[in-house]
Amino acid sequence: MSSDTPTDSSSGSRTDDNGCGIPVIDLSPDRDETKIASELLDAFSTIGFCTLIHHGVPSEIFRKAFLASKSFFELPLATKLRYKYKSPAANRGYIPYGSEKHDKDGEGRFLPADRGETETIAITPDQKETMDIGYDDPSAIPSEKDGVYANEWPTELSPDVFRGALETYFEEMDNLNLRLMHYIGEALGLPDGGRGLVEQCNAKPQNLRLLHYPSTVRDQGTGGDTVLRGNAHTDFGTLTLLAQDSVGGLKVRRADGTWTSVRPVEDSIVVNVGDMLMRWSNDRLKATLHKVESPDAATATAEVSPCAIVPERYSIAFFCNANKDVEIKNLFPDEPAKYEPINAHEYLTQRLAATIST
Ligand SMILES: O=C(O)CCC(=O)C(=O)O
Ligand SMILES: [Fe+2]
């Protein structure tokens, strides 16, 4: 069996993935919610990933968000650099190619914090540019001292095309995340049936990231046929809600070390567990390594060019976190804690600082 076969027999998770590579979970309102919750728990405690369908977010909202992303990345580099990412504390703005250094190696082991230039260079920089957007709280006055930051919306783009589309997208994803956290809390058997988890994630500490992987040629990057567009990593927060275009290339590592390709499904959302939720759940939920490569013909739904050109790719990640003041501490006090408690904001800022050079 090829290591990219889109089934998952090794992890013990559901295999009815419709060829998607990871479990597919249907959130239709007429489905039994307890069943949905147990499917989510099954996926998140094995491969750590699933694809959501019938989640209720209208197609139009994805279409407008992808249009906003394209309009931004098509601006000249000098213009995009006016909105450059300033600090992990603010966690907003544009990051040009080659600025992410990753804090884990290809096996998921943390690299030393004081790693020098050589070790950084040993990992090929991601072939992507990104734009991070947070929540603009209308009732708070931005102040660096108080840790309140505002987005810098590009003045070159009409508010309808960019800001409006992305604020709507943010709101939809935020609601969906809270729904998922409720299911997770319920399925984990937490005493308050999931309400407590929701209350600890409901202050919009999330981060919307637009990603653009430029078109490239196959024999660059790691060599051979495959181009590595995004290094293997785990996400930092609680859940990540990812929308992708039809190009493909996302791969997830199974428990046995082989990789499964996630086939893009129109209007679906790929969800995965991040390290913060893995810690919080005392390792019951798994933050799994994933990476982005050039698409293989078997999984891409877009026409994959037989020639050397790999088409550009767009995706939108919605990185969810616990509220800034939450202590991430073993949710199961009856079992020995595998991690020291840590403040959610501190944890996130540390991980961001270890990966992004500003
Ligand atoms: O672009 C993708 O498909 C995945 C991106 C990703 O994993 C990330 O930004 O954390
Ligand atoms: Fe990721």
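The legends below describe close-up views of ligand 1 and of two pockets in a predicted model.

**View 1. The shell of residues around ligand 1.** In this predicted model, ligand 1 is surrounded by L211, Y213, H233, D235, L242, L250, H290, V292, R313, S315 and F319. Sorted by class, this shell holds six nonpolar residues, together with three polar and two charged ones. As for its location, ligand 1 sits in the largest cavity. Two or more residues of the shell come from each of the strands β5 (207-213), β12 (290-293) and β14 (313-319), and β14 provides the largest share, with three residues.

**View 2. Polar side chains at the oxygen atoms of ligand 1.** Two histidines and one arginine are shown here, each with its separation from an oxygen atom of the ligand. For H233, an N or O atom in the side chain lies 2.9 Å from an oxygen atom of ligand 1, while for H290 the corresponding separation, again between a side-chain N or O atom and an oxygen atom of the ligand, is 3.0 Å. In the case of R313, a polar side-chain atom is found 2.8 Å from an oxygen atom of ligand 1. Considered on its own, ligand 1 would expose 290 Å², of which the protein buries 94%.

**View 3. The largest pocket and its lining.** The largest pocket contains about 500 Å³ of space, and its lining is made up of 27 residues. Those that lie nearest the centre of this pocket are R92, G147, K204, P205 and K324. Helix α8, which spans residues 344-355, supplies five residues and with them the largest share of the lining. When the lining of the largest pocket is divided by class, 14 residues are nonpolar, nine are polar and four are charged.

**View 4. The second largest pocket and its lining.** About 410 Å³ of space lies in the second largest pocket, which is lined by 21 residues, with T234, M278, A287, T288 and L289 the closest to its centre. The largest share of this lining comes from helix α7 (residues 275-280), which gives three residues. By class, the lining of the second largest pocket comprises eight nonpolar, six polar and seven charged residues.

Notes
Residues numbered from 1 in each chain as written. Chains lettered and ligands numbered in written order. Predicted model: local features only at pLDDT ≥ 70, side-chain atom pairs only at ≥ 80, totals over all residues. Heavy atoms only, no water. Near = heavy atom within 4 Å. Polar contact = N/O pair within 3.5 Å; in protein donor to acceptor, adjacent residues only side chain to side chain. Areas by Shrake-Rupley, 256 points an atom, 1.4 Å probe, with all protein chains shown as cover. 1 Å grid on protein atoms, 1.4 Å probe; cavity = no way out; pocket = protein on both sides within 12 Å on 5 of 7 lines; lining within 4 Å. Sits in = over half its atoms within 2 Å of the grid points. Helix = DSSP H or I, 4+ residues; strand = E, 2+ residues; numbered from the N terminus. Nonpolar A, V, L, I, M, F, W, Y, C, P; charged D, E, K, R; others polar. Points joined across faces, edges and corners; volume = space filled by probe spheres on them.
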